[in-house]
Amino acid sequence: MIRKRFLILIITALLIVTVVLAFSFYPNPTRVEYIGGKYNATVTYWSSHVQLAYTDETGHHVSGYFDEQMMTGLNWINSSTPENATFLCWWDYGNMIKAVGERNVIVRNPSHEIINSVADPSSIKEFDPNEKIVDVSSALTTTNQSETVQIMGKYNATYIMIGKDDLVNSVWFFKAAGLNYTDYLVNQGTSLSFTDLGNNTMIARLLDDRNTGPFALVYQDQQMKVYKLE
Amino acid sequence: MAYSKGQSCAEQKKLNAQSVIVLIFAALAFVMIFFSPFGPFSNSYIPFHPMGWAGIFVFLAMVTCYSQKYQESKDNFWFILALMFFPVLISNLYFFPIPEIMGFGMAGWMGVQVAVCFVCFTVVSKVKVLKYSNLSMLLLLPVAVVLYIFPQLGFSAILVILSFMFVVVIAVTLSYYAFLYKEYLLILGVILNFLVSVPIPNLYGITGFLPFGWTQPLMAVVTDRIAIFGMILMVLSLPMMRNFAQTLNENRKFYRARYCSFMSSGD
């Protein structure tokens, strides 16, 4: 016979678990925002995340991560860059630039090889070739700007977009490029910073807007920086 | 060799339903530990995060197990133990895509667990050392809460020391009572839960120090699994397992005797 106090505990736990499971299996979006545009983009706000959905030129329905704080920058890309421009950026921002910025990107999905970098791998339905991921990573982690220009030329890219989280993301840039990230990054208390060697890489220079060579800063806000290859 | 009727004194014993339920839930939680993006089984087969399911199963195992213990001993320790892990259940439910419950995040619910432990043992414990150490931790808890909420005060070293004092007092208190009941697996579970898995994220949350490095999958994957494994050990009571094995053994003897007697009656 289960005692009353335990029974109360079990019933309360089961009630909470039932509500959580119902909420998880049958979620209700808190808000749906129709963006429209060339790719018929829609942003759905769930309690746990924000989802971007759109249809690309092949008729493929794509969904991905969306950061609403980047909306201003994405609108700038949409209105102020050439329609046929291609962006070099980390795959995290690929779907946003494609759907809202309406510009091409080199990568918009992770590769199988870097799936460990994704917080929730089960949310990834498509993968990009690892060669493209390695190229983007190499372009951002090289200390030689000519190599970045060469890789961008391979994909006909003329813009680089850097997000504010790219310092933390750069751990994966170095790993994907086949480099030992501890040579480039150092843990300082609660934050991560570049070592002397890391400070010479393109990503460090682009984040700090220093010594960027042929790349001119054309847009910046608190969330992103956009560079144009002159 | 033939047995005659009534030769065996083995008797059929009923398995304790609560023990069976505990073992089923503990086994389900244990299986969940092995589903992850890093292997051995892909977590894509499990809807949502496997640690969320493991948290639910292990709490149900705990509450069933401790309810049985409470019936046997009438000791409030078992109810406090179940109550202490209720906030941990809620914290584990954050592995599902839900908003914050009552404004507390995972760390907040862990704080509630600590508070429940200190309040309960201060009120209930008859062992003076434990009573007063829990009381002193209870008095220090608001200081830790303030330091956690306002990191700009710059006393992170004090917060680290306080958090370690909290987990040590909890571990010692629980281990003392577990030792009285000869529940050695419970002691091991407590050590894994409070002295191994909790300090790692605490240290990171407070100082930013990661023992396994920034990209080490172990950091993200192992601490939750150590905690769940510790909780599984906390319900796998040795006396209960011994009774369970004894009952199974006696039933096996009973059925064997019945079978032999049936065979010999046919000779």
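## The chain A sheet

In this predicted model, strands β1(A) and β2(A) run antiparallel and are joined by five bridges. A:R31 has its bridge partner in β2(A), namely A:Y45. Next come β2 (residues 41-45) and β3 (residues 50-55) of chain A, also antiparallel, with four bridges between them. Here A:T42 is the bridge partner of A:A53 in β3(A). Five bridges then link β3(A) to β4 (residues 61-65) of chain A, again antiparallel. In this pair, A:L52 stands opposite A:G64.

Together the strands make an open sheet of four, in the order β1-β2-β3-β4 (chain A). Its edges are β1 (31-36) and β4 of chain A, each of which pairs on one side only. From one strand to the next, the twist averages 20°.

## Two hairpins

β2(A) and β3(A) form a hairpin, with four residues between the strands. β3(A) and β4(A) form a hairpin as well, with five residues between them. The turn of the β3(A)-β4(A) hairpin holds A:G59, whose phi is positive, at about 85°.

## A helix pair across the chains

Helix α1 (residues 4-25) of chain A meets α2(B). Their axes come within 10 Å and cross at roughly 170°. An angle over 145 degrees counts as roughly antiparallel, and α1(A) and α2(B) are therefore roughly antiparallel to each other.

Which residues in α1(A) and α2(B) meet? From α1(A) come A:F6, A:L9, A:I10, A:A13 and A:V17. From α2(B) come B:I56, B:F59, B:V63, B:S67 and B:Y70. By class, this contact has nine nonpolar residues, one polar residue and no charged ones.

## Nonpolar cores

The largest nonpolar core has 66 residues. Within it, B:A29, B:F57, B:V58, B:A61, B:M62 and B:A82 touch the most other members. Helix α2 (residues 50-73) of chain B supplies the largest share of this core, 14 residues. Apart from this core lies another, of 49 residues. Its members include A:F66, A:A157, A:I203 and A:A204.

What does B:A82 contact, leaving aside its neighbours within four places in sequence? On chain A, B:A82 is in contact with A:F6 and A:L9. On chain B, the contacts of B:A82 are B:M62, B:V63 and B:Y66. A:F6, A:L9 and B:V63 also take part in the meeting of α1(A) with α2(B).

Key. Residues are numbered from 1 along each chain as its sequence is written. Chains are lettered from A and ligands numbered from 1 in the order in which they are written. This is a predicted model: local features need pLDDT of at least 70, side-chain atom pairs count only at pLDDT 80 or more; totals for chains, interfaces and linings use all residues. A nonpolar core is a set of buried Ala, Val, Leu, Ile, Met, Phe, Trp, Tyr and Cys residues joined through C-beta atoms within 7 Å. A residue is buried if 20 or more other C-beta atoms lie within 10 Å of its own, exposed if 12 or fewer, and partly exposed in between; C-beta atoms are placed from the backbone. Two residues are in contact if their C-beta atoms, placed from the backbone, lie within 7 Å. Axes are lines fitted to C-alpha atoms, for helices over the stretch in contact, and angles run from 0 to 180 degrees between N-to-C directions. Angles under 35 degrees count as roughly parallel, over 145 as roughly antiparallel, 65 to 115 as roughly perpendicular and the rest as oblique. Ala, Val, Leu, Ile, Met, Phe, Trp, Tyr, Cys and Pro count as nonpolar, Asp, Glu, Lys and Arg as charged, and the others, Gly among them, as polar. Two strands pair if DSSP finds at least two bridges between them.
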